[in-house]
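Here are some exercises on strands, sheets and helix packing, each with a worked solution. Keep the structure open beside you and try each task before reading on.

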Amino acid sequence: MLLPISWLRDIVDLTDISNDTIEKSLFSCGLEVEERKSAAPDISGVVVGVLKAVTRMENSDHLNICRVDCGEYGDDIQIVTGASNIKAGDHVPVALHGATVYGRDGKVTTIKNGKLLGTPSNGMLCSGEELGIDDDWYEGAGVYGILILSDDTRPGADVKDVLDLNDEVWDISITANLPHCQSVWGIARELAALLDRPLTPPATDYTVADVTDDEIDVTVQAPDLCPRYIGHYVSDVKVKTSPRWMRRRLLLTGHRPINTLVDITNYVLTELGQPMHAFDLSTIAGKKIIVRRAEQDETIVTLDENEFKLSPGNLVICDAEKPVALAGIMGGLNSEIRPDTSAVLFECAKFMRDNIRHTSRELGQSSDSSHRFEKGVDEYTTGVAMDRALHLVEELDCGTVTRRRIDRRANENPVPTTIRTTFEKLNAVLGISVPREIVTGILKRMNYTVVTDGDSLTATAPAYREDIEDYPDLAEDVIKMYGYEHITPRMMEGCAITAGGYTLAQQQALKLKDVLVMQGFYELINYSFYAPQDLALLRLPEGDPRLNVVRIQNPISENYSVMRSTLIPSLLRIVSHNGKRGHESGRFFEMANIFTPAEGNALPPQTMHLGFAVWGKGESFFTAKGAAQAIADAFGVTFTYERTNVPFLHPGATAKVLCGGKEIGFFGQLSYESAEDAEIVGDVFVGEFDYDVLAPMFPELVRYAPIPRFPTVERDLALVADEAVTCGEITDAIRAACKNVTDVTLFDVYRSAQIGDGKKSMAFGLTFTPTGDAPLSPEAVDKFVDKILKSLSFRLHISIR
Amino acid sequence: MMKEKIAACRAQIDEALSKIASGEQLKEFHARFLGKAGAITALMRDLGQIPKEERPAAGQLINEFKNSVTERFKALEAEVAKREMQAKYDSESVDVSMPAVMHAPGALHPTSLVKARLCEVFAGMGFRVWEGSEIEDDYHNFTALNTPKDHPARDKQDTFYIGEDIVLRTHTSPGQIHCMETMKPPFKVVMPGRVFRCDDDATHTPMFHQIEGLVIDRHVSLCDLQGLLDTLAKAMFTPDTKTRFRPSYFPFTEPSVEVDVSCCECGGSGCRLCKGTGWIEILGGGVVNRRVIANCGLDPDEWTGLAFGAGLDRIAMLKYGVNNIHILYDGDQSILRQFRK
C-alpha cells in the first residue's frame with residue numbers, strides 16, 4: 001500500500017525521528033518498505049522566479065522576452081516564452097538549464113539553454129501540467145499557461161518546497177497476517193507502539209439531526225458472509241469538490257478525486273483500511289437493503305459499466321427489487337452518486353475475505369475495496385470507520401448526518417480473544433527469557449488488556465486484532481517489538497539425537513550420477529513439463545504409452561503444458577541447442593521423474609528415470625553402450641543387451657537392456673527422421689532407463705569370494721563366422737561349452753575377400769580358470785579349446801582361422 | 001715371467017677400458033678379460049706351467065691383478081649404466097604443456113551441487129533426507145499447512161492445476177505434512193525438490209528448487225532455528241557469514257521469520273548485489289504452527305517444531321555468481337562445464 005509520510009507524521013508524533021529511522025522501525029515490525037518515492041520524482045531544478053520585465057519579441061506575434069530574477073541562480077536571466085498569462089511582478093516556476101519537467105507527451109524532458117527565433121532563452125517558465133500537478137494539488141495549476149505562484153514566494157526557492165512536492169510516498173508490502181496494518185492509521189498504530197510515541201486518533205465525532213423520512217430497512221440474509229452491516233442515512237447532500245488537503249492525500253495514495261461523497265469513502269478506506277460505499281438513496285427501491293447470495297444467472301452492471309452474470313457463490317446488496325452492488329467489490333451503476341444526488345446511504349460492512357476473494361477471482365473483477373476485504377477487515381473498525389466518514393461529512397459540510405443508523409451484527413456481543421498462558425510458554429517459543437515487565441509493557445502498548453499473576457499471563461487482544469489465536473501469536477508480537485536481535489543462535493540443546501544421512505537408495509543415486517560424470521557426462525535439469533510438439537519429435541505410433549500424458553489445466557503456454565512421459569525429448573532439445581551454439585559433440589544425462597495419468601482423484605504416479613544422450617564426433621552405438629556398461633560395472637551388476645525396436649530409434653542399432661531378468665530400458669541411435677525434426681546435425685545415441693526398476697538390482701551386500709589358488713590361462717581364438725552370427729551368441733556358446741571359461745572378450749573383427757563373402761573373422765580372448773586343486777596344464781587347456789571349437793562348429797557353423 | 005705376462009695384459013686392459021662407452025662394449029670387455037675364456041682366467045691356467053715353489057707368489061699376483069681389474073670394471077660399469085639411463089631419460093623427455101589424453105569428466109548441475117552440499121551439512125546434524133512427489137493434492141500443499149481455499153496467502157503462489165484438487169507442488173512444504181504423518185517424533189528431516197509456479201519472466205522460471213527443513217522435538221525455539229540456519233549459511237558461503245531474522249508471515253509457522261544472510265559479495269558493507277543493504281534474503285522459517293502439528297495427528301502441547309525453506313537455485317546463483325536464473329536451465333555445455341567440482 002502507498003503511505004504518504006506527511007500523513008503518517010500527522011497521526012503519530014515522530015518529531016526528531018528521521019525517515020530512515022522510520023523505515024528501519026517499520027522493517028522490524030515486518031512492514032517492508034519496497035520503494036521510497038518522492039511525491040514528484042521527475043521534477044528537478046525548477047526554482048521560483050520573479051518576472052522583472054515582459055516584452056513582446058520584435059519579430060514574433062506571440063513570443064515574449066522575460067527578464068527573470070531567480071535569486072541565487074541569477075537575478076537577470078533572459079527567458080523566451082509563448083505564454084500570454086504573465087506580467088511583470090508575477091512569481092512563476094522557472095526550469096533552469098539542466099532541469100527536468102514533463103513534456104507535452106507526458107514524458108520527462110531536460111531543459112537546455114537555447115535560442116528561439118535567434119533570441120537566447122536560458123530556461124523555461126512552467127505550467128502546472130509541466131510540473132505534473134493540477135488544481136487538485138495547487139490553486140491555479142490547472143490553467144492553460146504559466147502557473148502563477150503566490151507573491152510571498154522567495155526567488156530562487158525550489159518549487160518542490162513551495163508546492164509541497166517534497167513529501168515522500170512509500171510503497172509498503174503488507175503480509176497476509178497483518179490486515180490491521182492495511183491503512184495509514186494501522187501503520188501509525190504499530191509504529192507508535194514500537195517507538196512508544198503518542199498517537200492522535202482521527203476524529204469521529206459528529207452531531208445528528210432528527211428526520212421524519214421513512215425508516216430504512218436492512219436485512220442480512222447471509223450473516224455467514226456478512227457478519228456486520230452498517231447503513232447510515234445522510235440527508236441534504238451537497239455533491240461538490242473536496243478540499244485540497246483531502247484531494248492531495250487521495251492523489252498521493254493513487255486515488256482520483258471525484259466529489260466529496262466518493263472522496264470520503266476512498267479517504268476512509270486509505271486512512272482506516274475499511275472499504276465503504278455510498279448509495280444514492282433515491283435509487284434504492286422500497287428503501288430496503290437486503291444482503292443475500294445472488295440468484296443463479298442474476299445480473300449486475302457495476303460502476304465501471306461491466307455486466308456480470310452471478311451465481312449463489314456471489315454476495316450481492318439488493319434493494320426491494322434488484323441488486324445494487326456486488327458486495328465488497330463494486331457498487332452498481334444503477335445506484336451511483338450523481339451531481340444531483342440529495343440523499344445518501346453510507347454502507348460500511350465486513351464481508352468475509354474468502355467469499356470476496358472467490359467472487360473476485362471468479363468474475364475477474366477487483367477494486368481497492370475487494371483487495372482490502374480479501375486480506376481481512378475487522379468488524380470493530382467497521383463501526384469506527386462509519387463514524388469517521390460521518391465526521392468528515394460534517395467537516396466538509398456536504399450533508400446532514402441523520403439519526404437513521406442501522407447496524408446488523410451476526411454476533412451482537414462479540415467477545416475479544418483472550419489468551420490464557422504463561423510467561424514461560426511465551427519464552428519457550430522464543431528460546432530466550434524476556435523480562436516479565438517488558439512483555440507486559442509491549443502487550444499494553446499494542447493495546448492488549450493484560451492481567452498477570454506470578455508466571456501466568458492473561459492477555460485480551462484489542463478488538464481490531466482478529467488474527468490472534470494462540471500464545472505463539474503473543475510471542476511473535478513481543479519479539480517484534482522487543483527486537484529479533486535478542487534471539488541468539490543455539491544448536492538444538494536438549495533435543496533428541498537422531499540418526500541422519502542418506503538412505504542407501506539416495507547414496508546409490510548420487511553414485512550413479514558421479515559414475516556418469518566421470519564418463520564425461522553433464523547433468524541436466526530440465527522442466528518437468530514440455531510441449532506436445534516436443535513429444536511429437538519421437539513420432540510415436542498411436543497407442544504408445546508415452547502418448548498418455550498428464551496435462552496441466554492452466555499452463556503458462558502450450559510450451560509447458562504436458563508433464564513428461566519420457567525424458568528423451570528434453571535431451572534432444574538440449575543436444576539440438578548445443579549444436580546450434582557451435583558444439584560438435586557432447587554427453588548429457590538427466591535423472592528426473594516421469595508421470596503417468598491416474599484414474600479419478602488419485603495422484604498421477606511418478607517414476608524416476610535416467611535419460612542419457614551421447615552425440616557427435618567420436619560417439620557411436622558402442623560408446624553409448626560403454627556408458628551403460630560403466631553403470632553395471634560400478635554397481636557390480638550384469639547388464640545383457642538384446643536387439644529391439646523403439647519407434648524413434650534406428651531399427652538396426654537399438655538394444656534393450658536387461659538386469660536380473662528385468663528390462664530396465666533401452667538405448668540406440670536416434671532415427672534420422674527424429675534427428676531431422678529435432679534439427680540435430682550428426683549422429684546422436686540416446687537411452688532411457690527406469691531407475692525405479694534398476695535400483696533394487698544393486699546389491700546391498702558384498703560377499704567375498706576366495707581368489708583361485710592357481711593362475712588363470714589366457715588363449716586367443718580367431719574364428720570365422722557367418723555375418724548373421726552375433727558376438728553375444730558366440731560368447732554364450734563358448735561359455736556353455738566349457739565351465740572353466742570365466743571371461744570372453746571380443747577384441748577384433750575383420751572382413752576380407754580371403755575370408756569370403758558374407759563371413760567375418762572374430763578374434764576372442766578367453767580366460768580359463770582352474771576349478772580343482774591343481775593348476776591347468778597346457779594339455780588340459782588344449783582339450784578345452786578343442787571342445788569349444790567342436791561345439792561352435794556344430795551349433796553356429798563356425799570354423800577356426 | 002708371470003710379471004711380464006701380467007704387465008702385457010694390463011696394458012691391453014688399460015687400452016680396452018679407455019675405449020669403453022656402452023654396455024655392449026662392457027660385455028665384450030668382460031668376456032675378453034674376466035670371463036671363463038678371458039685373458040685373466042688364462043693366466044690362472046698358465047700357473048700350472050710354472051715351478052711349484054713360485055706358484056703361490058704368482059697366484060697372489062694374478063689374484064691381486066684380477067681384483068684390481070674387477071674393481072675398475074665395476075666402477076666403469078656403474079658409470080656407463082648411469083650415462084645410458086641419462087640418455088634414455090633425455091630421449092624420452094616430453095613437452096608437459098601438451099594436451100592430456102583422456103576422457104574429460106563432465107559435471108553435475110550447479111543446483112545439484114548445492115542440494116548435495118546442504119543435504120550433507122544437515123545429515124551431519126542428524127537430518128534424514130526425504131524426497132516427495134512433484135504432484136500433490138490440495139490438502140498437503142495448502143489446507144494442512146493452514147492455508148485453506150481462498151486464503152490470501154495462496155495469492156503469492158500461482159498454482160498449476162492437474163485436476164480440481166491436484167496441483168504441481170508450489171513449495172516443498174507439503175513434505176512437512178507427509179513427514180509428520182509418517183515419521184515417529186522426535187525427528188529431523190530435510191526435503192529438497194522441484195517446485196512449480198505460474199511465473200515465467202526475467203527473474204522467474206516456472207520450475208525451480210527448494211529445500212525444506214523440519215525438526216520435531218519436545219522443546220525447540222527460535223534460537224534453535226537461528227543456530228541451524230547460521231550453520232547452513234556458514235557451510236554454504238563462508239565461515240564468517242552472519243544471519244539476521246526479521247518478521248514475516250507463513251500460514252504454517254508462528255512466529256514466522258525471513259532470514260537474511262550477510263552479503264556473500266561484499267561481506268556486509270553494501271554492494272550492488274545486496275542493493276547496498278549488506279544483507280541478502282535467502283530463507284524463510286519459523287516455529288511450526290500448533291494447528292499444523294495438530295492437523296498431522298500430533299499433540300501440539302507435547303511436540304514442537306521448527307521449519308524452514310530456502311531456494312536452491314537462488315543459493316546456487318549467489319554461490320557461483322550466476323546473475324540470471326534462466327542460465328541454470330539453459331543446458332549449453334559451455335555453461336555446465338564451469339561447475340566441475
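**Exercise 1.** Find what joins β18(A) to β19(A), and work out how β18(A) sits among its neighbours.

*Solution.* This is a predicted model, so treat each step as a reading of a prediction.

Step 1. Start with the connection: β18(A) is joined to β19(A) by a hairpin of 4 residues.

Step 2. Check the pairing on that side. β18(A) and β19(A), the strand of residues 323–326, are antiparallel over 3 bridges, and V316(A) has L326(A) of β19(A) opposite.

Step 3. Look for another partner. Strand β15 of chain A, residues 288–293, also pairs with β18(A) in the antiparallel sense, over 4 bridges. Here R293(A) stands opposite L315(A).

Step 4. Sort the side chains. In a regular strand they alternate between the two faces of the sheet. In β18(A), residues 315–318, L315(A) and I317(A) point one way while V316(A) and C318(A) point the other, and all are buried.

**Exercise 2.** Is strand β8 of chain B buried or exposed, and which strands pair with β8(B)?

*Solution.*

Step 1. Count along residues 253–262: 10 of the 10 residues of β8(B) are buried, so the strand is largely enclosed by the rest of the structure.

Step 2. Take the faces in turn. T253(B), P255(B), V257(B), V259(B) and V261(B) lie on one side. The other side carries E254(B), S256(B), E258(B), D260(B) and S262(B), and these too are buried.

Step 3. Add the partners. β7(B), residues 243–250, pairs antiparallel with β8(B) over 7 bridges, with F250(B) opposite T253(B). A hairpin of 2 residues joins β7(B) to β8(B). β9(B), residues 279–288, is also antiparallel to β8(B), with 8 bridges, and D260(B) faces E281(B) across that pair.

**Exercise 3.** Work out how α10(A) and α12(A) cross, and which residues make the contact.

*Solution.*

Step 1. The axes of α10(A) (residues 423–430) and α12(A) (residues 471–482) come within 9 Å and cross at roughly 70°.

Step 2. Angles of 65 to 115 degrees count as roughly perpendicular. The two helices α10(A) and α12(A) are therefore roughly perpendicular to each other, and their crossing is right-handed.

Step 3. List the contact: K425(A), L426(A), V429(A) and L430(A) from α10(A), with Y471(A), L474(A), A475(A), V478(A) and I479(A) from α12(A). These residues divide into 8 nonpolar, no polar and 1 charged.

**Exercise 4.** Describe how α13(A) meets α16(A), then place α13(A) on its sheet.

*Solution.*

Step 1. The axes of α13(A) (residues 504–518) and α16(A) (residues 621–635) come within 10 Å, crossing at roughly 135°. That angle makes α13(A) oblique to α16(A), and the crossing is right-handed.

Step 2. Q508(A), K511(A), L512(A), V515(A) and L516(A) of α13(A) meet A630(A), I631(A), A634(A) and F635(A) of α16(A). The contact comprises 7 nonpolar, 1 polar and 1 charged residues.

Step 3. Turn to the sheet. α13(A) lies across β26, β29 and β30 of chain A, at about 160° to β29(A). The open sheet has 7 strands in the order β26-β29-β30-β34-β33-β32-β31, with mixed pairing.

Step 4. Finish at the edges: β26 and β31 of chain A each have a single partner strand, so one side of each is left without a neighbour in the sheet.

Notes. Residues are numbered from 1 along each chain as its sequence is written. Chains are lettered from A and ligands numbered from 1 in the order in which they are written. This is a predicted model: local features need pLDDT of at least 70, side-chain atom pairs count only at pLDDT 80 or more; totals for chains, interfaces and linings use all residues. Side-chain values use heavy atoms; hydrogens and water are left out. Buried means under 20% relative accessible area, exposed over 50%, partly exposed in between (1.4 Å probe, protein chains only). Two strands pair if DSSP finds at least two bridges between them. Axes are lines fitted to C-alpha atoms, for helices over the stretch in contact, and angles run from 0 to 180 degrees between N-to-C directions. Angles under 35 degrees count as roughly parallel, over 145 as roughly antiparallel, 65 to 115 as roughly perpendicular and the rest as oblique. A crossing is left-handed if the near helix is turned anticlockwise from the far one by less than a right angle, and right-handed if clockwise. Contact means heavy atoms within 4.5 Å. Ala, Val, Leu, Ile, Met, Phe, Trp, Tyr, Cys and Pro count as nonpolar, Asp, Glu, Lys and Arg as charged, and the others, Gly among them, as polar.
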